Amino acid sequence: MNWLAPGKTAAVVVTLDDLAPHKKEDGADFGGDGESGQLRFLCRLLKEVPWLRITGFVIPDTTFVGHNPTRRWVKYLPESMQDRVWGSKPIRPGTYRLDKYPEFVWLLHSVLRMEYALHGLHHAHPGLLTGHEYQLQSSWDIQRNLAEGSSILTRSGLKWVRGFCPPYFATPPNLVTALEDMGFDYLMSSRDLFTEVRLDAKSNMSGLKDVDLYRPQLLRNGLVHIPTNFQATSTRRRAFDIIEAGGLLSVKIHMSKITFGYTALDGLDDLYVNYLSSLFHELRYRYSDSIWWTTPLELARQTRFHAC
Ligand SMILES: [Zn+2]
């Protein structure tokens, strides 16, 4: 199926996870420290690559405190209880609710060529998988969760699009059903950094499996799946292979570099900005106007258009 814009032979999309008013002094800078913090790297990348657009996934009300559970005794509880006891004491809901931080929303709007979409509601869950917000909930419970997250973003005044990336790419079937039924435009829910580059290859690492890894894929009810296949640890060769195969190069960035003591390999820092900046300039030099530098929303629209 063709999913590209007219005249283009491959595409590049860049997304960034974990935007929230949370600050470094609270354990992680999800953008809350403004231009004196992690946001300065994002601004530098956009300045150095002036044709680039980035989609940022926003946590409406983060209660996340890291993915290493501090209450390790939870694993000794009966299995039926593990899903109800918090592996780490979460932040009180409402503490970082986006509509309480108009100055942060203003800051997000001040960064040019950014688009925003939804990244869970709290980015947290009871049990030992503390950041995997979507696990065994019913489709109805997930719909309520998504409706609350959507409502917070809208109340905050943030301009956002109906796209979704689940925390840790964790995507149970009930989440896909809920997004399809609620009319979301796209879901970004698989990450695979290793599978050989072939246009018909399927994703087989984090998140949804058996979905296309190097091109968008139409699911039910107009929902389009967009894969992730590149990050800071990926080679330049992988990027060239994807472009030369006529695929979608989909780059993931994480806003925070150090998150509650954990160092993210794909967290923003000077090195990652240097790498992406030089890679994107080389892609443009090598392949000129044949690359479609786009966004997940445009990809979803174009994929649906071709499917009509
Ligand atoms: Zn996240």
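## Strand E1, two one-sided helices and a nonpolar core

Helix H5 (residues 173-181) has four residues tucked away from the outside: Leu175, Val176, Ala178 and Leu179 are its buried ones. They span an arc of only 165 degrees around the axis, so they sit on the same side of H5. Keep in mind that this is a predicted model. The rest of this briefing looks at what covers that helix, then at strand E1, the core, a second helix and some positive phi angles.

**Around H5**

- The cover over the buried residues of H5 includes helix H4 (139-156), strand E4 (163-164) and strand E5 (186-187).
- Just after H5 comes Gly183, with a positive phi of about 75 degrees.
- Leu179, one of the buried residues of H5, turns up again among the residues with the most contacts inside the largest nonpolar core.

**Strand E1 and its partners**

- E1 covers residues 10-19, and 10 of the 10 are buried, so the strand is largely enclosed by the rest of the structure.
- With strand E13 (residues 291-293), E1 runs parallel, and 3 bridges join the two. Here Ala11 stands opposite Trp292.
- With strand E10 (residues 248-254), E1 also pairs in the parallel sense, this time over 7 bridges. Val14 has Val251 as its bridge partner in E10.
- Strand E2 (residues 54-58) is another parallel partner of E1, with 4 bridges between them. On this side, Leu16 is matched with Gly56 of E2.
- To get from E1 to E2, the chain passes through helix H1 (residues 39-48), and this β-α-β crossover is right-handed.

**The nonpolar core**

- The largest nonpolar core holds 68 residues, and those with the most contacts inside it are Ala11, Leu19, Val58, Leu179, Tyr186, Leu187 and Leu249.
- E1 supplies the largest share of this core, at 7 residues.
- So which residues does Leu19 touch, leaving aside those up to four places away in sequence? Leu19 is in contact with Phe30, Gly31, Gly56, Phe57, Val58, Ile59, Leu108 and Met255.
- Among those contacts of Leu19 is Val58, which is also on the list of residues with the most contacts inside the core.

**Helix H6**

- In H6 (residues 236-244), the buried residues are Ala239, Ile242 and Ile243.
- Looking down the axis of H6, you'd find these buried residues within an arc of 95 degrees, so they line one face of the helix.
- Covering the buried residues of H6 are, among others, E1, E10, helix H7 (270-287) and E13.
- Gly246, just after H6, takes a positive phi of about 80 degrees.

**Positive phi outside glycine**

- Asp18 has phi near 75 degrees, a positive value in a residue other than glycine. Asp18 belongs to strand E1.
- Is Asp18 buried or exposed? With 29 other C-beta atoms within 10 Å, against a cut-off of 20 or more, Asp18 counts as buried.
- Phe169 is another non-glycine residue with a positive phi, near 60 degrees. You'll find Phe169 in the loop between E4 and H5.
- Phe169 has 21 C-beta neighbours inside 10 Å, so this loop residue counts as buried.

Definitions and conventions. Residues are numbered from 1 along each chain as its sequence is written. This is a predicted model: local features need pLDDT of at least 70, side-chain atom pairs count only at pLDDT 80 or more; totals for chains, interfaces and linings use all residues. A residue is buried if 20 or more other C-beta atoms lie within 10 Å of its own, exposed if 12 or fewer, and partly exposed in between; C-beta atoms are placed from the backbone. Two strands pair if DSSP finds at least two bridges between them. A crossover is right-handed if, with the strands pointing away from the viewer, the path from the first strand over the helix to the second runs clockwise. A nonpolar core is a set of buried Ala, Val, Leu, Ile, Met, Phe, Trp, Tyr and Cys residues joined through C-beta atoms within 7 Å. Two residues are in contact if their C-beta atoms, placed from the backbone, lie within 7 Å. The arc is that of the directions from the helix axis to the C-beta atoms.
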